[in-house]
Amino acid sequence: CTRLAMSSFSLLSVLGNGSGRLAGHSRYSVAAYQAGSVLVLWDYANATGDSRKFIALQPNQRCAALFFARDAQSLLGLSVSQSGQLTLSAWRCSDGAQLAEQRISDQVVGPRVWADYDQETSCLAVVHGGGA
């Protein structure tokens, strides 16, 4: 059995402003979180100054869920628009460019959205409540 030395690691920043969820990848040193009306893509093991990418969101848009693709090359985000419509977006992690956006619900969603994504099969499951 070979023992590998652990690299030293220290958290030098506070993640977000407490307004959203943090998404991480199980194999790569990347994380994503919402800070106000910005999504932050963060390569937290990269010691250079270019470790974060910023993606501008619409004002008052909130991400209900964020998921990395299996290869960590793209980020999926479920967001609720100002009018309450549920939208799925995809961004490229290397530069933050938007790859796609699709409204997946024409109904106004309720206050809760549940979602899960399986990286191995690329299957996304979403459950939400309709408007009254």
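A salt bridge is a side-chain nitrogen of Lys or Arg within 4 Å of a carboxyl oxygen of Asp or Glu. The close-ups below come from a predicted model. The structure holds 3 salt bridges.

**Close-up 1. Arg70 and Glu120 form a salt bridge.** Their side chains meet at 3.2 Å, N to O. That is a salt bridge because the cut-off is 4 Å. Arg70 sits in the loop between strand S5 (62–68) and strand S6 (74–80). Glu120 sits in the loop between S9 and S10. The two residues are 50 apart in sequence, so the pair ties together separate parts. Arg70 is partly exposed, at 43% relative accessibility. Glu120 is partly exposed too, at 44%.

**Close-up 2. Glu120 also meets Arg27.** This salt bridge spans 3.4 Å, N to O. The pair links distant parts of the chain, 93 residues apart. Glu120 belongs to the loop between strand S9 (109–118) and strand S10 (123–130). Arg27 belongs to the loop between strand S1 (22–24) and strand S2 (30–35). Arg27 has a relative accessibility of 48%. Arg27 therefore counts as partly exposed, since exposed means over 50%.

**Close-up 3. Three residues share a network.** Salt bridges link Arg27, Arg70 and Glu120. Glu120 takes part in the bridge with Arg27 and in the bridge with Arg70.

**Close-up 4. Asp95 and Arg92 pair up.** Their side chains meet in a salt bridge of 3.0 Å, N to O. Asp95 is partly exposed, with 43% relative accessibility. Arg92 is partly exposed as well, with a relative accessible area of 32%. Buried would mean under 20%, so Arg92 does not count as buried.

**Close-up 5. Tyr44 lies in a loop between two strands.** Strand S3 (38–43) is on one side of this loop, and strand S4 (52–56) is on the other. Tyr44 has a relative accessible area of 31%. That value makes Tyr44 partly exposed, because buried means under 20% and exposed means over 50%. Tyr28 can be shown with Tyr44 in this view. In sequence, Tyr44 and Tyr28 are 16 residues apart. In space, their C-alpha atoms are 9.6 Å apart.

Note on methods. Residues numbered from 1 in each chain as written. Predicted model: local features only at pLDDT ≥ 70, side-chain atom pairs only at ≥ 80, totals over all residues. Heavy atoms only, no water. Helix = DSSP H or I, 4+ residues; strand = E, 2+ residues; numbered from the N terminus. Buried < 20%, exposed > 50% of the residue type's maximum accessible area, 1.4 Å probe, protein only.
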